[in-house]
Protein chains: 2
Amino acid sequence: VIEDFQHVCITCRDLERSIRFYETLGLKVVKRFGEVTAAGIATAFKLPSVRMNVVHLGLPAAASSMFIDLVQWSEPQSTGDAYPTLINIGLNRLAFRVSDIDATVAVLRASGVSFLSGEPQSFGPGYRGILMTDPDGVFVQLLEISQS
Amino acid sequence: VIEDFQHVCITCRDLERSIRFYETLGLKVVKRFGEVTAAGIATAFKLPSVRMNVVHLGLPAAASSMFIDLVQWSEPQSTGDAYPTLINIGLNRLAFRVSDIDATVAVLRASGVSFLSGEPQSFGPGYRGILMTDPDGVFVQLLEISQS
């Protein structure tokens, strides 16, 4: 029986560059696995072999225990590109709830983060959101909820 | 300040088909928005306009309040294909924690779900996992954790 969401995996081209980005957002490295080569993962993933560098990034103070499984593959190498648009079929956006979206955006912008729109937008009554992309082009959304 | 993970968005080609798949896994429709056309979303997503059918799928009994924002776009239409492999750059895998992976896999297989491997595999000490794809090819992972 499914108990809960556990993580989302983001495959990246440069692990340290992606770690810096998610740390800028406020996530913390909660575990560094180093090089992972488990044969069972190759079988489960239908790959001839597995060699990847893995880090878990989470929010230790958050209610959920969700985390990002951040992976840089070396065998096979990480390949391809992230979805170019938000209408692409697939798992194409990761959303975080924020407490004060205007202040958060100002702080992140001062840290060099770019957003897809100038200001947070209304997504409907009580919801304000803004989008950015991570260093590989993954869409990341911030959402402030003033009523539920 | 980022407070917590809130949701992941899956863009699909056929909303009802995807709902049936995630309900088979045990998720529940927690909210049906019907057609969403908020102009703010178009601005935030850098799209000329927005017309999409949106459903939230969650796990009401779970500790986290994470959910899947399941979206079928009609304007523009959902387009493209999900990542073909697990080494593709991007947000490419969604993982759920399960309580008894062998029993869960048996029940899902009896419901017509196919997996990438015959049996759950060891992902390392205390971790057993298995992968499947949703109707659009999104990689979904089940993970049983016998120690943390």
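How much area does chain A expose, and what share of it do carbon and sulfur atoms supply? In this predicted model, the exposed area of chain A comes to about 6,000 Å², of which carbon and sulfur atoms supply 49%. The points below turn from the relation between the two chains to the build of chain A and then to its burial and charges.

**Relation between the chains**
- Chain A is superposed on chain B, with an RMSD of 0.0 Å, by a rotation of 180° that carries 0.0 Å of shift along its axis, and that is the relation of a two-fold axis.
- Both copies are served by the same surface, in that 100% of the contact residues of chain A recur in chain B.
- Among the residues of chain A, the one that comes closest to the rotation axis is Ser64(A), whose C-alpha lies at 2.3 Å.

**Build of chain A**
- Chain A holds three helices and eight strands, and read from the N terminus on, these elements follow the order β-α-β-α-β-β-β-α-β-β-β.
- The C-alpha trace of chain A spans about 50 × 35 × 30 Å along its principal axes.
- When contacts in chain A between residues at least 6 apart in sequence are taken, 53% of them join residues that are at least 24 apart.

**Burial and charge**
- Chain A has 148 residues, of which 55% count as buried.
- Chain A carries 12 positive and 15 negative charges, and the mean positions of these two sets are 1 Å apart.

Definitions and conventions: Residues are numbered from 1 along each chain as its sequence is written. Chains are lettered from A and ligands numbered from 1 in the order in which they are written. This is a predicted model: local features need pLDDT of at least 70, side-chain atom pairs count only at pLDDT 80 or more; totals for chains, interfaces and linings use all residues. Side-chain values use heavy atoms; hydrogens and water are left out. Copies are superposed by least squares on the C-alpha atoms of residues with pLDDT of at least 70 in both. Contact means heavy atoms within 4.5 Å. Helices (H or I, at least four residues) and strands (E, at least two) are DSSP runs, numbered from the N terminus. Buried means under 20% relative accessible area, exposed over 50%, partly exposed in between (1.4 Å probe, protein chains only). Accessible areas come from the Shrake-Rupley method with a 1.4 Å probe; for residues, only the protein chains shown count as cover. Lys and Arg count as positive and Asp and Glu as negative; His and the chain ends are not counted. The place of a charge is taken as NZ of Lys, CZ of Arg, CG of Asp or CD of Glu.
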